[in-house]
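Thank you all for coming; I would like to take you through one model this morning, beginning with the nucleic acid and ending with the metal. Please have the structure open while I talk.

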Number of protein chains: 2
Amino acid sequence: MDSMLNKHGIRPTKIRRAIAELLFDGTDKHVSVDDVIDLARAQKIKTSVASVYNTLNQFAVAGLLRKVTVEQGRAFFDTNLSEHHHFYFEDEERLEDIPVDAINISGLPKLPKGRRIKSIDVTIRI
Amino acid sequence: MDSMLNKHGIRPTKIRRAIAELLFDGTDKHVSVDDVIDLARAQKIKTSVASVYNTLNQFAVAGLLRKVTVEQGRAFFDTNLSEHHHFYFEDEERLEDIPVDAINISGLPKLPKGRRIKSIDVTIRI
DNA sequence: CTAAAATTTAGAATAATTCTAAAAATTATT
DNA sequence: AATAATTTTTAGAATTATTCTAAATTTTAG
Ligand SMILES: [Mn+2]
Ligand SMILES: [Mn+2]
Ligand SMILES: [Zn+2]
Ligand SMILES: [Zn+2]
């Protein structure tokens, strides 16, 4: 776990390690800040709301998580870093992965001058 | 303008008419609530923040506008109702339309049981 | 014209997130 | 190891977008 954090330039401290262990257990997850706070509490990890925000945002900037916004006012952090897309279950406010090869995208438009693609996000609302 | 509102089951009142006139001038727009408040002020339309929220949300529910969320905490209302996609200029916090036929999507994944597609949103962040 | 219903509004409330600045922990230096 | 410097964590305040409330105003119906 520490090597994972180190590799991304994040110093492994107690709470970073604890949150990393909650998240990177091998299964793909889409967690809200609130989910992480709840998970931490369930594991008796003593931390603060501010630290959870700090840590998740740091992980996202470092490339350990991908931040996904589908609705105003609630961000999800995605542990699946490979290229993929999403179903969004509107009634359940929940994301589910779509493998990248399940959707074929071709013929992209030409980009405005001086721009590069940062990401292509396909969200299928269901 | 009144007939447009009536057609969508929205009673044409003073402020609804005024906001509709700001928005539906024939050009495609992606406006934030704040933009509309500014536009209204510039035209000496006396209204309130709550009314702008109410009106834009009503228009969206009625299908006169499409609500687009690309970032946490800021919704855009899109006057372009035809099927299309978006470039999102991250640094400028601005959307630009991509015509539907500029992107070819094929081979959609099969849907979870009992679900129907509400929309497919492709956002290219640049 | 009057009464009923719907809309608008100011300001309070809520919710997600960020900021602040002090305390605690970690790392570097003697 | 002890001390100093740096970084992280934290509680609570602040900020921002949005919604709610309940009273005032406007619109519609009789
Ligand atoms: Mn929860
Ligand atoms: Mn503005
Ligand atoms: Zn995902
Ligand atoms: Zn658009």
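Let me begin with a definition: a residue is near a molecule or strand if one of its heavy atoms lies within 4 Å of it. What we have here is a predicted model, in which local features need pLDDT of at least 70 and side-chain atom pairs count only at pLDDT 80 or more, while totals for chains, interfaces and linings use all residues. Residues are numbered from 1 along each chain as its sequence is written, chains are lettered from A and ligands numbered from 1 in the order in which they are written, and side-chain values use heavy atoms, with hydrogens and water left out.

With that cut-off, DNA strand C is surrounded by 18 residues, the closest being Gly73(A), Arg11(B), Thr13(B), Thr47(B) and Ser51(B). Which part of the strand faces the protein? Of the atoms of DNA strand C within 4 Å of the protein, sugar or phosphate supplies 85%, and bases supply the rest.

For polar contacts, I mean pairs of N or O atoms within 3.5 Å; within protein, one must be able to donate a hydrogen and the other to accept it, and residues adjacent in sequence count only if both atoms are side-chain atoms. The side chain of Ser51(B) places an N or O atom 2.4 Å from a phosphate oxygen of DNA strand C, a polar side-chain atom of Thr47(B) lies 2.6 Å from a phosphate oxygen of that strand, and a polar backbone atom of Ser48(B) is 3.3 Å from a phosphate oxygen.

Turning to DNA strand D, we find 20 residues around it, with Arg11(A), Thr13(A), Thr47(A), Ser51(A) and Gly73(B) the closest. Here sugar and phosphate make up 86% of the strand's atoms that come within 4 Å of the protein. Backbone N or O atoms take part as well: that of Lys46(A) lies 3.3 Å from a phosphate oxygen of DNA strand D, that of Ser48(A) lies 3.4 Å from a phosphate oxygen, and that of Gly73(B) lies 3.1 Å from a sugar or linking oxygen.

Now to the sheet in chain B, where strands (E, at least two residues) and helices (H or I, at least four) are DSSP runs numbered from the N terminus, and two strands pair if DSSP finds at least two bridges between them. Three strands form an open antiparallel sheet in the order S1-S3-S2. S1 and S2 (66-71) stand at the edges with a single partner strand each, so one side of each is left without a neighbour in the sheet. S2(B) and S3(B) are joined by five bridges, and Glu71(B) stands opposite Arg74(B) in S3(B).

Finally, the metal: which residues hold the zinc ion (ligand 4)? Its protein donors are His30(B) (NE2), Asp78(B) (OD), His84(B) (NE2), His86(B) (NE2) and Asp97(B) (OD), at 2.0 to 2.2 Å, where donors are N, O and S atoms within 2.8 Å of the metal (3.2 Å for Na, K and Ca), and sites may look incomplete because water is not among the atoms. Along the chain, the donors follow the spacing H-x47-D-x5-H-x1-H-x10-D. Asp78(B) in strand S3 (residues 74-78) and Asp97(B) in strand S5 (residues 94-99) are 19 residues apart, and the pair links distant parts of the chain. Taking buried as under 20% relative accessible area, exposed as over 50% and partly exposed as in between (1.4 Å probe, protein chains only), Asp78(B) is buried at 0%, whereas Asp97(B) is partly exposed at 22%.
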